[in-house]
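Take a look at the protein shown here. A short report on its domains, metal site, backbone and inner spaces is given below.

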Amino acid sequence: MIKVYIKSNDETIFHRIKYVISQMLTAIGYEHAFFNNISEINDCFSIACTPKNSVSYDLSKKFDLLIPYDSYEPWTASCPDIKSEKIGGIPILYIDEMPRFLINDRLIGFDLINIVFYLLSRQEEYSYEHKNFKDVFLPTYSTLYENGILQIPIINYYIKFIENYIANLYPVKPKPKWKNNSPYAVVLSHDLDSLPLRDITIPLHQLLNAFGSRGFINKVSLIKNSLVDMFLIPSDSNWQLSCWLDKEREYNCSSTFFIAGNTKRRLRSDPYYWLSSKIIHNGQKIRLSDLAKSFEDIGWEIGLHGSYNSYKDENLLRKERDLLVKQTGCNIKGIRHHNLRFDVKETWKIHENLGFTYDTTLGYNEVNGFRAGIAFPFNPYDFHTEREYNLLELPMSIMDGSFFCNYGENIDAQKAILRCKKMINAVEETGGMLVVNFHPNFYQTTLPDSWKLYKYILDYARKSGAWVANCGEIADWWSERRKLLSI
Ligand SMILES: [Zn+2]
């Protein structure tokens with residue numbers, strides 16, 4: 001076991017440091033425990049986290065690894081100028097003092113704890129109110145984007161160099177990061193936003209609601225939209241959910257389908273179906289809810305695709321989850337919100353309250369990358385109440401729409417594969433996890449580039465020996481690991 005000594009009488013600081021080090025040692029795979037009394041540190045491998053101004057020769061001799069931490073105050077300033085400097089090829093964030101080295105004579109040479117806390121707690125999303133028209137935090141305001149390192153999982157690289165350092169001194173082998181000792185993980189998921197056949201009862205429902213709505217202009221606009229949906233938007237029966245299932249079966253893996261539990265309160269922008277809507281599968285018309293259950297029965301996972309407004313509305317999300325459970329009979333463990341709507345102050349709390357095991361919303365619509373600088377599962381942290389959530393975040397890093405659609409980078413398959421390759425390589429190099437999200441309606445007939453990219457990812461993952469899994473498998477694996485490692 002690795003013993004970690006935290007020198008601080010301040011409860012908040014103690015909690016934050018414990019959180020950061022526990023997330024990192026869990027990712028590495030070492031059993032660990034925390035102490036605030038130096039006398040409890042005996043002759044095992046030991047780490048000390050101590051204020052920067054109290055680092056001393058005597059202290060450094062007592063521990064195998066010394067992590068000095070600075071005050072967190074500069075990072076909470078309303079507009080901190082956070083810069084990045086590469087040391088040993090790894091980008092290090094800093095505010096005032098340039099980082100000097102990664103590690104030298106058992107001493108970490110930069111403010112590791114505050115950087116990791118800043119990124120994982122999503123502090124910048126509390127600080128900046130800049131959102132896009134969908135009320136979602138804009139990547140262009142993020143520190144990682146500003147420094148041109150959004151596509152580099154920098155925390156993974158910090159974890160990696162600490163892992164290498166410990167491995168040289170500590171004979172105990174860490175627990176495997178992934179199943180079957182796979183070198184890294186690729187996590188497959190799909191957000192179901194529409195079905196091949198249009199369900200006419202949806203625009204009829206909209207029309208009915210429109211007649212009951214208030215305000216003349218509002219009423220006219222709602223009626224117009226319902227009629228457009230009814231008569232002008234065609235069905236697109238060129239794709240089937242089974243195309244994705246068959247492809248994944250061919251690669252001997254399974255994925256998670258996030259399906260909306262649309263209630264009668266649905267908006268036009270919500271995923272365009274009911275759970276009772278019909279879908280053609282293997283030549284037969286079948287209810288979506290029945291199809292979902294049949295997917296679960298053969299090893300795929302069904303998660304909840306939270307509706308447009310559910311990210312801030314606990315009652316609505318509860319209803320949607322309950323409806324999905326009731327109508328499909330599936331075991332619903334995880335969630336991703338439609339349009340990646342997410343508010344750091346509320347959404348994770350709602351997930352925890354509703355008992356979800358994991359969320360996988362944390363990515364951007366506009367650009368692909370590592371929103372929290374990490375490509376491992378992690379427990380989010382509530383920056384206001386200073387505690388870790390009982391929830392796992394599986395940060396989503398690659399989404400088809402962010403490469404190919406107008407709201408994203410709008411690039412072609414060749415360019416997307418190139419960018420994707422760099423991101424997979426970084427995850428592979430650091431033993432991390434890449435969560436990808438492909439929309440089933442972007443099949444080869446509607447968006448061929450998306451399908452090409454998906455096949456590229458599956459091919460590369462197979463060739464490089466990745467554990468290719470669905471979100472639920474990863475969440476279960478990681479939760480179990482954390483229980484064993486964090487004492
Ligand atoms: Zn969606």
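The report starts with the domains and then turns to the metal site, two loop residues and the cavities.

**Domains**

This is a predicted model. The domain assignment splits the protein into two parts. Domain 1 covers residues 2-120 + 151-178. Domain 2 covers residues 182-198 + 234-485. Each domain is thus listed as two stretches of chain. The centres of domain 1 and domain 2, taken over C-alpha atoms, are separated by 32 Å. The two domains touch: 31 residues of domain 1 are in contact with 37 residues of domain 2.

**The zinc site**

Which residues coordinate the zinc ion? They are D193, H305 and H338. D193 uses OD, H305 uses NE2 and H338 uses ND1. The distances run from 2.1 to 2.2 Å. Along the chain, the donors follow the spacing D-x111-H-x32-H. The two histidines join distant parts of the chain, 33 residues apart. H305 sits in strand 13, residues 301-306. H338 sits in the loop between strand 14 (334-337) and helix 13 (347-353).

Are these histidines buried or exposed? The cut-off for buried is under 20% relative accessible area. H305 has 1%, so H305 is buried. H338 has 5%, so H338 counts as buried too.

**Two residues with positive phi**

Now look at the backbone. N180 is not a glycine, yet its phi is positive, near 55 degrees. L340 is also a residue other than glycine, and its phi is near 55 degrees. Both residues are in loops. N180 is found between helix 7 (154-169) and strand 9 (185-191). L340 lies between strand 14 and helix 13. That loop also holds H338, one of the zinc donors.

Which of the two is buried, and which is exposed? N180 is exposed, with a relative accessible area of 70%. L340 is buried, at 2%.

**Cavities**

Rolling a probe the size of a water molecule over the atoms shows where empty space is left. How many cavities of 30 Å³ or more are there? The count comes to 2. The table sets them out.

| Cavity | Volume | Residues from the element that gives most | Lining by class |
|---|---|---|---|
| Largest | About 70 Å³ | Helix 1, 4 residues | 11 nonpolar, no polar, no charged residues |
| Second largest | About 30 Å³ | Helix 11, 4 residues | 9 nonpolar, no polar, no charged residues |

Start with the largest cavity. Its lining includes I21, M24, L25 and I28. Further along the chain, I47, L65, I67 and L112 line it as well. Y158, I159 and I162 complete the list. Helix 1 (11-28), strand 4 (65-69) and helix 7 each supply at least two lining residues.

Next comes the second largest cavity. Among its lining residues are L192, L241, F257 and I259. L288, L291, A292, F295 and I302 line it too. Strand 10 (256-259) and helix 11 (288-297) are the elements that give two or more residues to this lining.

What kind of residue lines these spaces? The linings are nonpolar: the largest cavity has no polar and no charged residues, and the second largest cavity likewise has none of either class.

Technical notes. Residues numbered from 1 in each chain as written. Predicted model: local features only at pLDDT ≥ 70, side-chain atom pairs only at ≥ 80, totals over all residues. Heavy atoms only, no water. Donors = N, O, S within 2.8 Å, 3.2 Å for Na, K, Ca; no water. Buried < 20%, exposed > 50% of the residue type's maximum accessible area, 1.4 Å probe, protein only. 1 Å grid on protein atoms, 1.4 Å probe; cavity = no way out; pocket = protein on both sides within 12 Å on 5 of 7 lines; lining within 4 Å. Points joined across faces, edges and corners; volume = space filled by probe spheres on them. Nonpolar A, V, L, I, M, F, W, Y, C, P; charged D, E, K, R; others polar. Domains from an automatic or database assignment. Contact = heavy atoms within 4.5 Å.
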